[in-house]
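Visitor: I would like to learn how to read cysteines and surface patches in a model. Could you take me through them?

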Amino acid sequence: MKKLAQELMAEQSLLVFGRGYNYATALEGALKVKEVALMHSEGMLAGEMKHGPLALVDENLPIVVIATRDACFSKQQSVIQQLHARRGRLIVMCSEGDATVVCPGDNCRAIEVPLVEDCLQPVVNIVPLQLLAYHLTVLRGFNVDQPRNLAKSVTTQ
């Protein structure tokens, strides 16, 4: 993840697509990147890709697609193919051994994670995204332990 963070360090934006249980993972991963690395990132429901985000896809915009083996796997493969057809710069999170199945070409990078039960997969999948946020933060020179402008408590009078 540190090597990937080095490649993404100068980027302005990052999209993270998830579906099913991993939609929340996409939201949380993007939130961590936004909060600590101070990089624009959006977690999105992969099924909504055609309603706006697809217009942003080109060879420069990094896009994380969570495509582990679960009930949504075949639909996520379709999303990957559509993004690849538009020369998307893909980073695909997949189950161990699926890198060649999910990465359609040279402009694709795979992050392999252990396969577990569908409902537990997000617990495993969030770890690489948290590490990515951590390494991006450090490489960008920000303090991981003190995110800028984040209120961790609510004060009232």
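Guide: What follows is a short talk about the cysteines and then a surface patch. This is a predicted model, in which local features need pLDDT of at least 70 and side-chain atom pairs count only at pLDDT 80 or more, while totals for chains, interfaces and linings use all residues. Residues are numbered from 1 along each chain as its sequence is written, and side-chain values use heavy atoms, with hydrogens and water left out.

Visitor: How many disulfides does the structure hold?

Guide: A disulfide is a pair of cysteine sulfur atoms within 2.5 Å. The structure holds 1 disulfide, which joins Cys103 to Cys108 with an S to S distance of 2.4 Å. The torsion about its S-S bond is about -60°, so the disulfide is left-handed.

Visitor: Are Cys103 and Cys108 buried or exposed?

Guide: Buried means under 20% relative accessible area, exposed over 50%, and partly exposed in between (1.4 Å probe, protein chains only). Cys103 counts as buried at 18%, and Cys108 counts as buried at 15%. Cys72 is in no disulfide, the nearest cysteine sulfur, that of Cys119, being 13 Å away.

Visitor: Why is the sulfur of Cys94 not in a bond with that of Cys103?

Guide: The closest cysteine sulfur to that of Cys94 is in Cys103, 6.4 Å away, which is too far for a bond. Cys94 counts as buried, at 0% relative accessibility.

Visitor: Where is Leu27 found?

Guide: Leu27 is found in helix α2, residues 22-37 (helices, H or I, of at least four residues, are DSSP runs numbered from the N terminus). Leu27 is partly exposed, with a relative accessible area of 35%.

Key: Helices (H or I, at least four residues) and strands (E, at least two) are DSSP runs, numbered from the N terminus.
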